[in-house]
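Thank you all for coming; I would like to walk you through one structure this morning, taking it a piece at a time. Please have a look at it on the screen before I go on.

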Amino acid sequence: MEGVDSLQKKILKGIILFITIFILSIESAEIVNFVYLVPFSLPFFLMLNSTETELHSENFNFIMPFVFGVISDIVTLKGIFVLSIGFVVFSYIVFYLVKIMAINKERVFAFFCLVYAIFVFLAFNTPLWVSLFVFALGFLQWKLASFIISLIVTDKHSGEA
Amino acid sequence: MRIFIIYIIAAILLNVSVFVVGGLFYKVRDVIKESIVITSLPVSKGLNEIQRLIDEYLILISVQKENEQLKKELTKCLAGCKNRENKTKVQQAQFSFKGNFDSTTIYLRTAKELNLKKNYCFVLEDNMHLVGIVKEKIKNHIYMAYTVFNPSFVADVKIVGDDNQTFRALYMGNEYSPKVEFLDPNVNVKKEDKVYTSGEMGIFPPNLFIGTVKKVKDVNGYYKVAFVDIKRSFFNKWKVLIVCRKRS
């Protein structure tokens, strides 16, 4: 019975996480696009936040990045399912950097936010202040998502302690 | 690694399914897009409200700036009008006078030399009330003039009543009882109606204020006479604007 209970809890947590990340990413993307129309902002925020779910001890076997990748594919690429795999690969890279190589999580996410800001700046010729704004908002919303996810997902370490 | 393979297979299946059941895919896409729009609605509305407030504030700032600019322009224009001597029809002057208002004319002495000509009107500087008209130049600083208090002063005027009705007649100067004569007996002139120059005879500029009606008298049913109350404050401050009335 314990196994079934834990599975049910995990599914419930997954659904709550899904809804939380979905809403948070959409609202963040709305704010960014209100200030300046930035391409791929929603997929980027979905990718950042879904990756965060894999960095806690109670992992979800990369299901979140895959699901949000599918959503991003449907919304952005209109039917070519590439981002679903891309999100999973990205999540694994971050997972590897944070968990295996033990690099500070904040630095890793700040670096990827910076990469996205530079990409937006160079590829779409957005003004510099927009890139900086995207970088700052991306990082802040990830911090918020990280905090919320840590509240939902129970870390085994803290539980054992 | 096994998980990755499962995800890759799932992605391939999804790609294939789009080609096989495209209609379903478009329905799913519409549902997702709709859910994104609904989710973003509260923030979107809030942001639009903020934008509206910012826009209103910016408009307010721009209107204030515009008003300040207009105010400056107006001040500049008025100063320019006063400073440009002999170039415009308005110039500033200061008079001292000799004689009394019982006589036909009065003598004016200007504070500085001005090239005034016959029939130049002079009005009070602060409220543009008509004071008189230059009749003749005696010497460089001395002029002979009629004022609204001299009996020889005659002007074509209009009395503006209620509903902006105007009644035309002749104004005749007097020190104690200046009056508007020959008003039609049927006109409804009342106390406190205002008397202005009509400008129709071409001597005085139109719409210069003279005074207010203080009493109306019917002369045997032939015509009416309106006695005019004129502020006498300018006796102490002969600081006037000279207005050229010439039309030709």
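Let me begin with a pair of helices in chain A, and please keep in mind that what you see is a predicted model. Helix α4 of chain A, which covers residues 83–100, packs against helix α5 of chain A, residues 105–123, at an angle of about 145°, and their axes lie 9 Å apart. The crossing of α4(A) with α5(A) is right-handed. On the side of α4(A), the residues that make this contact are A:Phe90, A:Val94, A:Leu97 and A:Val98, while α5(A) brings A:Lys105, A:Val108, A:Phe109 and A:Phe112. Sorted by class, the residues of that contact come out as seven nonpolar and one charged, with no polar residue.

Staying with α5 of chain A for a moment, I would point you to a salt bridge between A:Lys143 and A:Glu106, in which the closest N and O atoms are 2.4 Å apart. A:Glu106 is in helix α5 of chain A and A:Lys143 is in helix α6 of chain A, residues 128–152, so this pair ties together parts that are 37 residues apart in sequence. Over all chains, a search of the whole structure finds five salt bridges.

Now to the two chains together: how much area do chain A and chain B bury between them? The figure is about 2200 Å², and 80% of it is on carbon and sulfur atoms. Chain A puts 24 residues into the contact, and chain B puts in 23 residues. Within chain A, the residues that lose the most area to chain B are A:Phe34, A:Ile74 and A:Phe81, which together account for 28% of what that side buries. Across this interface the rule finds zero salt bridges, although it does find four residue pairs in polar contact. As for where the touching side of chain A comes from, α1 (2–35), α3 (63–77) and α4 of chain A each supply at least two of its residues, and the largest share, seven residues, belongs to α1(A). By class, that side has 18 nonpolar residues, along with three polar and three charged ones.

Finally, a single residue in chain B: B:Val160 sits in strand β6 of chain B, residues 154–160. Leaving aside residues up to four places away in sequence, B:Val160 touches B:Gln165, B:Thr166, B:Asp193, B:Lys194 and B:Tyr196. With B:Tyr196, the separation along the chain is 36 residues, while the C-alpha atoms of the two are 7.6 Å apart.

Definitions and conventions. Residues are numbered from 1 along each chain as its sequence is written. Chains are lettered from A and ligands numbered from 1 in the order in which they are written. This is a predicted model: local features need pLDDT of at least 70, side-chain atom pairs count only at pLDDT 80 or more; totals for chains, interfaces and linings use all residues. Side-chain values use heavy atoms; hydrogens and water are left out. Axes are lines fitted to C-alpha atoms, for helices over the stretch in contact, and angles run from 0 to 180 degrees between N-to-C directions. Helices (H or I, at least four residues) and strands (E, at least two) are DSSP runs, numbered from the N terminus. A crossing is left-handed if the near helix is turned anticlockwise from the far one by less than a right angle, and right-handed if clockwise. Contact means heavy atoms within 4.5 Å. Ala, Val, Leu, Ile, Met, Phe, Trp, Tyr, Cys and Pro count as nonpolar, Asp, Glu, Lys and Arg as charged, and the others, Gly among them, as polar. Buried area is the accessible area (1.4 Å probe) that two parts lose on being put together, summed over both. A salt bridge is a side-chain nitrogen of Lys or Arg within 4 Å of a carboxyl oxygen of Asp or Glu. A polar contact is a pair of N or O atoms within 3.5 Å; within protein, one must be able to donate a hydrogen and the other to accept it, and residues adjacent in sequence count only if both atoms are side-chain atoms.
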